[in-house]
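Here is a quick tour of one protein model, taken a feature at a time. Have the viewer open and follow along.

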Amino acid sequence: MKRGISRTNSYLMREKNMKLRSLRWAVALWIMASVVAIPVKALANTGDCGQNLSSSIPPRSASALSGSQFARKIEGLSDDLREAAIRDQLVAGNIPGFLRRLTPVTLDSGSAQRGQARVVICVAPDYLAIGSDSDYFLAPMRLETALSIARRFGFLLPTRKMVDAVYAQSPVQLQPRPLPASDAMRSTAYYWQHNLMVGEQRAANGLPLGTLTAGDKKDLVLTSRLWRMQDRVAIYGWHLPTGRPIQPLSTVHGWRYADYSHGVRLIADIAYVDGAAQHILSFLSDDHFAALFSDDGPIPQAARLIDALDGRAPSTGL
């Protein structure tokens, strides 16, 4: 009888402790939200991924190059000149309309011991591209270019956790199509060939442009590893139908490296935590809350890290 009472008391104590932990988590989350929350009036549709989140992207000019025209223009250019041309087109707003309509993706908020929060990020439905809806070019680019464009338009690069969530929730999951490994991986010819392959897959799928799509590229990602390796680029993803990524989180390549398999998924720098608009970078830097957005640990002073990565003078090789 005493053993039964003891077990009951032990069970009740565990329940009490779990409730206390959940309460502490909820209170801490409320405090964090009250500090970094964006006023509701700052967003047209608080709690969704309305077009206002991509309003900093300039409108596309009627005379802008199509994707295929741009690909022909950069044929034969050096890597540096090609990179500059990609950046110029993106800065000018030569981006397809369907990429400006962001899609909500829900992140797993953690364990029952810590309590639950509803976390929604707003993501571009596919990788950054140049051109129009009818003729676009998925443009691989260096980390330097990706960070510069993302910051200019109010976006971030994803974390590994975000990449996994995007793939899991994408109605369009394309089969990765690797090309033969060689020095040509970094050539414009490979860039364009892979773009055509992905375009054929996407057209065969039948779902309209703007439907969340994944499996076509690897992602340039944010990770705390970059504090120790600021001369590198972090890459992750390219998921197989099993859900397993071809590319584990890697910092093998130098920060000026890019090849045909790389893509840049824009993530709005504002997310919704229990319906409140929040700055993601504030959470990524916090030891307690980083797990809401990253499974790779906190990124200390995330905003400073991005400043450092974006502001580097070319001083190292590839």
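Which helix gives the most to the lining of the largest cavity? That would be helix 5, with 3 residues. Keep in mind throughout that this is a predicted model.

## Cavities

Searching the whole structure turns up 3 cavities of 30 Å³ or more. The largest cavity holds about 50 Å³ of space. Its lining is made of Tyr-127, Val-163, Val-166, Tyr-167, Ala-214, Gly-215, Lys-217, Asp-219, Trp-238, His-239 and Arg-265. Two elements give two or more residues to that lining: helix 5 (160-168) and strand 9 (235-239). Sorted by class, the lining comes out as 6 nonpolar, 2 polar and 3 charged residues.

On to the second largest cavity, with a volume of about 50 Å³. Around this one you'll find Ile-57, Ile-95, Leu-99, Ala-124, Asp-126, Tyr-127, Leu-128, Val-264 and Leu-266. The class split here is 8 nonpolar, no polar and 1 charged. Tyr-127 is worth clicking on, since this residue appears in the lining of the largest cavity and also in that of the second largest.

## The disulfide

How many disulfides does the structure hold? Just 1. It joins Cys-49 to Cys-122, with an S to S distance of 2.0 Å. Cys-49 sits in the loop between helix 1 (2-36) and helix 2 (67-73), while Cys-122 belongs to strand 2 (residues 119-123), so the pair ties together parts 73 residues apart in sequence.

As for geometry, the link of Cys-49 and Cys-122 is left-handed, with -80° about the S-S bond. Are these cysteines buried or exposed? Cys-49 is buried, at a relative accessible area of 11%, and Cys-122 is buried too, at 0%. Both count as buried because the cut-off is under 20% relative accessible area.

## Salt bridges

There are 8 salt bridges in the whole structure. Three residues, Asp-79, Arg-82 and Arg-186, are linked in a network. Start with Arg-82 and Asp-79: their closest N and O atoms are 3.4 Å apart. Both lie in helix 3 (residues 79-91), 3 residues apart, or about one turn of the helix. Arg-82 counts as buried at 3% relative accessibility, whereas Asp-79 is partly exposed at 27%.

Asp-79 also forms a salt bridge with Arg-186, where the closest N and O atoms are 3.7 Å apart. This pair links distant parts of the chain: Asp-79 is in helix 3 and Arg-186 is in the loop between strand 6 (172-173) and helix 6 (188-205), 107 residues apart.

Then there's the bridge between Asp-310 and Arg-151, with the closest N and O atoms 3.1 Å apart. Asp-310 is in helix 9 and Arg-151 in helix 4 (residues 143-152), so this pair ties together parts 159 residues apart in sequence. Asp-310 is partly exposed at 21% relative accessibility, and Arg-151 is partly exposed with a relative accessible area of 40%.

## A look at Ala-290

Where does Ala-290 lie? Go to the loop between helix 8 (280-284) and helix 9 (302-310). Ala-290 is buried, with a relative accessible area of 2%.

Setting aside neighbours within four places in sequence, Ala-290 is in contact with Phe-283, Leu-284, Gly-297 and Pro-298. Further along, Pro-300 is 10 residues from Ala-290 on the chain, and their C-alpha atoms are separated by 9.6 Å.

Terms used
Residues are numbered from 1 along each chain as its sequence is written. This is a predicted model: local features need pLDDT of at least 70, side-chain atom pairs count only at pLDDT 80 or more; totals for chains, interfaces and linings use all residues. Side-chain values use heavy atoms; hydrogens and water are left out. A disulfide is a pair of cysteine sulfur atoms within 2.5 Å. Helices (H or I, at least four residues) and strands (E, at least two) are DSSP runs, numbered from the N terminus. Buried means under 20% relative accessible area, exposed over 50%, partly exposed in between (1.4 Å probe, protein chains only). On a 1 Å grid over the protein atoms alone, a cavity is a set of points where a 1.4 Å probe fits but cannot get out, and a pocket is an open set with protein on both sides within 12 Å along at least five of seven lines; lining residues have an atom within 4 Å of a point. Grid points are joined across faces, edges and corners, and a volume is the space filled by probe spheres set on the points. Ala, Val, Leu, Ile, Met, Phe, Trp, Tyr, Cys and Pro count as nonpolar, Asp, Glu, Lys and Arg as charged, and the others, Gly among them, as polar. Contact means heavy atoms within 4.5 Å. A salt bridge is a side-chain nitrogen of Lys or Arg within 4 Å of a carboxyl oxygen of Asp or Glu.
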